[in-house]
Structure formats: C-alpha cells, structure tokens
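Me: I would like a close look at a single part of this model, explained slowly and with its surroundings. Please take me through it step by step.

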Amino acid sequence: MDIILFCAVSAAFVTKQKLSCGGGFADTTNPDDLLVALQNGTTLNATEKVCTVDEDNVPTQNGHTRVEMRLKKMWHRATYIVIRHRDPADVDAGESDDDEHTYLLVQRRSNIKDYCPGKLDATPGGVVGYNESYECNAIREMAEEMNINVNDGTNKFSKLFTFPYQDELVRVWGGMFEVIYNGPLSGIKLQPEEVSEVIRLSINDIRRMAVENPDDWMPDSLHAIKLYLQFKSDRKLRRRLLKGYSNADLDRYSLRPKPEVIFFDCDDCLYFDGWQLANKLTAKIEEWCTSKKNLPPGEAYQLYKRHGTALRGLLAEGHMEDCEQEIDEYLKDVHDLPIDEHLSIDNELRDMILKIDPSIPKYIFTASVKDHAQRCLKALGIDDLFVEIIDVKSCNLATKHSTESFEAAMRIAGVTNPESCVFLDDSTKNIEAARKVGWRAFLVGRIGRDCGKPITSEHAEHEIDRIHDLPMILPEIFLHG
C-alpha cells in the first residue's frame, strides 16, 4: 500500500488556507452538522445547478440546486471513475489484470463535502451539472480534482456503463468510466476543497480494507467497484451479454445474484464416451417401441423429435397408457445399459467438483431416471458430491426442452430467483429452454451428436469442450488457495 504523502501534506496545508480565506465552509463529518449546513445552504457548491433525473434516468426539465437534491434525496446523475495507475517508473508494471498488481488511485474526500465527507472514494468523480453530459463531467472532474488530462494521448479514457444505486442517503444514476493513468504520482495535483489525499491501492487492498473498516468508505463507491470488477471479468472471460440478465443492459447495469444452486446434466455432460451409451439408449428405445408397441422402425426417433422425448410421444399419441406401472417398465427397460463397460473413476472431475464453493448446493438434473444417473455417478466416483438427482419422474415426465421441467427443478431445489441457477448441459435445445426461464446456461461439448459438426448456442453465456474446463469460464464459484 503506497500512500502519496506529498499529496496528503500539500492538500492539508492548502485546504486550511482555503478555509480560513473562504469563511463559511465548516467541517461536515458529523451527520448532524452536515444536516444543519444543508438546511442553512452553507455547504460547498450549495447553489450549483445539477442534473436531477427520474427513476429511469430521464432528466428533469430544469434541474435542481445541489442542496435541494441532497435534502430531498433526489435521483441525480454522477460519475464514478476507476483510475488505474501504471507508474512509468515501474518497468515491470506491464498490462497485468491481476487484482494484486492492479493499482487504483483512491481519494479521501475533504471534510467539507456535502456527501460522505472524509470518506474514502475508490471511484472518484462528481455530480453531473445541469445540461452537462456524463463524459464532459468525467473529463472535467479528472482535470480539476487530480490534474489528469484524459485527452493528451498518454492516458486512456473509456465509458463503460450506467447504473442505478440507492440507499438511505442517496439515489443516483452513475456513469462508470475507466481512466488508465500512465503518469508519475508527482503529476497528481489535488483540488483541496474536494480532496484531502490520494492513496495508491491494489484491488486486493481495497477489498481487504472495505471488509475491515466498511464505514471508512463511500457505500456507492464500493458498489461501483463491484460492478466494475464484474464487468471486467465478463469481458476477460468473453461471456455473452444476454438480454434479460443483470449484466446485459449497459444502460441499467447491475450485479448478478450469487449462484444459489448448480444443476449438472448427467449423460454426455459429466462424461463423454463418444455417445456410445447414448447410442445404446437410443437403440433400446427403438427396440422397445418396435417389439412392445409394434411401431415401424424409426418411429421412436420421430416421436422424440415431435415431443422432446420418445416417452412423451408414446403417451401423447396414445401408444402407451398413462399409468405408473407401464411408464416404470419402459424406463427400466430402456435404461438397462452396461454403464461399467463405458465409464470409470474420473479423479480429475472429482477434484474439480470438490473445489466448488461448498455453500452452493449441486444437483443432477437429468432427462433419464434416477437409477441410471446413480449408476453413472458411482462409476465416475462422484456419487457422494450431489444433494439430489432430479430425474424425468421428478419433473412429471416433462422434457428439458420445455420450461416446465426447469420450474419443477427450482421447486425441488428451493430457489426462486432464476438468475441464481447455473445450468450445465450438452443440448442446445435444453440451453435455449433454460434461458427462457432465466437460468444462466453453459454449453458443455461443442460437437453435435446428430451432425458430428461444431455446434454453438446463442442462448449460452459461455461454451466449453468438456466439463473439466468449468473453472476457466466460472472461476468465481471455485475456492482459491
């Protein structure tokens, strides 16, 4: 942790001079004193006209004064700027995105501010003025408060997204920016009325300090940092921004909920044997339909295509009575497969699953029957790692091509927020159905069984070749260290 002592000392001296000469700006770090100052209109920039908005970020016609906005806790616009510092004197700085070696310039706000005076601000910026754009405000704030020129060709300046935030103190639509400052720390010049010091901290430092002393920080700034880190992680991992999800709308960006449950498909997802077991299952279904129901060859596959599963087709088209005994007989017969001949202990898979955050329950969600899934899990050596197997009977025979089965799985797992469900499956149709419900879906396996060619899904947040690659696309669910 590097404290810019020259800035801290200089700012303290200049601020004292400004206060003694200006007269009227009192210390507002005490909440009662701040309220009195706001009511008396004696806070810093009290009469400045600012951009107030409605809850959807539409500007009001005439704006409002800053003091009125603060007293009435009105929705308004403000900028939040992550200032990444790459010290030109550090020859090893490079382009690292590692949180331990990515350094931000953090401000400590002056004691005369009208909001969070004296607090640490990980995303310095300012309230957007009336008829001022987010971009113009961010450029101006960097120049005035930090002496950083984002247009001089040496520093990179980017707008990332806008987001709403509200708590008991503030309601704001934030414009998130990133500045990569490539100059020396000696180039930083502070605006003493606004900033008392600047601290150079790694992202890991900020995380640790925010946990140890959360009251030292602006709460909206900590929220903004979380959004920024999610945004950067999604970009780095090349996740799709899918409409309808928290991270998809860059004009109303928000945090994803933490995963509450992970649903694993079983066949051709937890293992891949070149579809040998799948082909034998298909052959069993074909044999059952031709021998037990006298259906013509190939009709079982047509039933599957029309109804999602052959069983649903048999029931829907009157080839089978809707009675538990016959359904159970069918399921038992077609899943009588030599699993041990095809699957064996997979220690790599077991180790990977064991590294998943144990607070997130894991379920098997399969279109087959529980006994079949149990035999597969036992053969792989992972039968003790899951809470429960949700099979076709658990879902009232609904196929995973429909939303009905996903809703049943949520009820069984006891979750209500679809976006907190992570789903891993090898079927693009299942992935599409999962997205319709609002689950976060990931395609496992990028070669199609029927076509033998590469497949993809526009409804998947990401895609991997094999389940063992899951840490590469969902690192946040794994324990590290």
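Which residue lies over the face of Tyr130, and at what distance from the ring centre?

Reply: The model is a predicted one, and in it the residue over the face of Tyr130 is Lys49, at 4.6 Å from the ring centre. A second arrangement of this kind involves Arg200, whose charged end sits over the ring of Tyr103, 4.0 Å from the centre of that ring.

From Lys49 we can step to the loop that lies between helix H2 (31–40) and strand S2 (49–50), where Asn45 is found. Asn45 has a positive phi of about 60°, although it is not a glycine. With a relative accessibility of 34%, Asn45 counts as partly exposed, because that value falls between the 20% under which a residue is buried and the 50% over which it is exposed.

Asn45 also helps to line a cavity, namely the second largest one, together with Leu44, Arg66, Lys113, Asp114 and Glu194. This cavity has a volume of about 40 Å³, and its lining divides into one nonpolar, one polar and four charged residues. Asp114 leads us on from this lining to Arg70, since Asp114 is among the residues in contact with Arg70 once neighbours within four places in sequence are left aside. The other contacts of Arg70, counted in that way, are Leu38, His76, Tyr115, Val127 and Val170. Arg70 itself belongs to helix H3, which covers residues 66–71, and with a relative accessible area of 12% Arg70 is buried, because buried means under 20%.

It helps to set this cavity beside the others. The structure holds three cavities of 30 Å³ or more, and the largest has about 50 Å³ of space in it. The lining of the largest cavity is made by Arg240, Leu242, Tyr245, Asn247, Trp439, Arg440, Ala441, His459 and Glu461, which divide into four nonpolar, two polar and three charged residues.

Trp439, one of the residues in that lining, also takes part in a cluster of rings, where ring pairs link Trp439 with Phe263, Tyr363, Phe365, Phe406 and Phe423. In the whole structure a search finds 19 aromatic pairs. One of them joins Phe263 and Tyr363, whose ring centres lie 5.8 Å apart and whose planes make an angle of 35°, so that the pair is tilted, because planes under 30 degrees apart would count as stacked and planes over 60 as edge-to-face. This pair links distant parts of the chain, with Phe263 in strand S10 (residues 261–264) and Tyr363 in strand S11 (residues 362–365), 100 residues apart. Phe263 is buried, with a relative accessible area of 0%, and Tyr363, at 7% relative accessibility, counts as buried too.

Finally, strand S10 leads to another residue with a positive phi, Asp268, which lies in the loop between S10 and helix H7 (276–292). The phi of Asp268 is about 65°, although Asp268 is not a glycine. Whereas Asn45 counts as partly exposed, Asp268 is buried, with a relative accessible area of 12%.

Note on methods. Residues are numbered from 1 along each chain as its sequence is written. This is a predicted model: local features need pLDDT of at least 70, side-chain atom pairs count only at pLDDT 80 or more; totals for chains, interfaces and linings use all residues. Side-chain values use heavy atoms; hydrogens and water are left out. Helices (H or I, at least four residues) and strands (E, at least two) are DSSP runs, numbered from the N terminus. Buried means under 20% relative accessible area, exposed over 50%, partly exposed in between (1.4 Å probe, protein chains only). Contact means heavy atoms within 4.5 Å. On a 1 Å grid over the protein atoms alone, a cavity is a set of points where a 1.4 Å probe fits but cannot get out, and a pocket is an open set with protein on both sides within 12 Å along at least five of seven lines; lining residues have an atom within 4 Å of a point. Grid points are joined across faces, edges and corners, and a volume is the space filled by probe spheres set on the points. Ala, Val, Leu, Ile, Met, Phe, Trp, Tyr, Cys and Pro count as nonpolar, Asp, Glu, Lys and Arg as charged, and the others, Gly among them, as polar. Rings of Phe, Tyr and Trp (its six-membered ring) pair if their centres lie within 6.5 Å; planes under 30 degrees apart count as stacked, over 60 as edge-to-face and the rest as tilted. A charge sits over a ring if NZ of Lys or CZ of Arg is within 6 Å of the ring centre and within 35 degrees of the ring normal.
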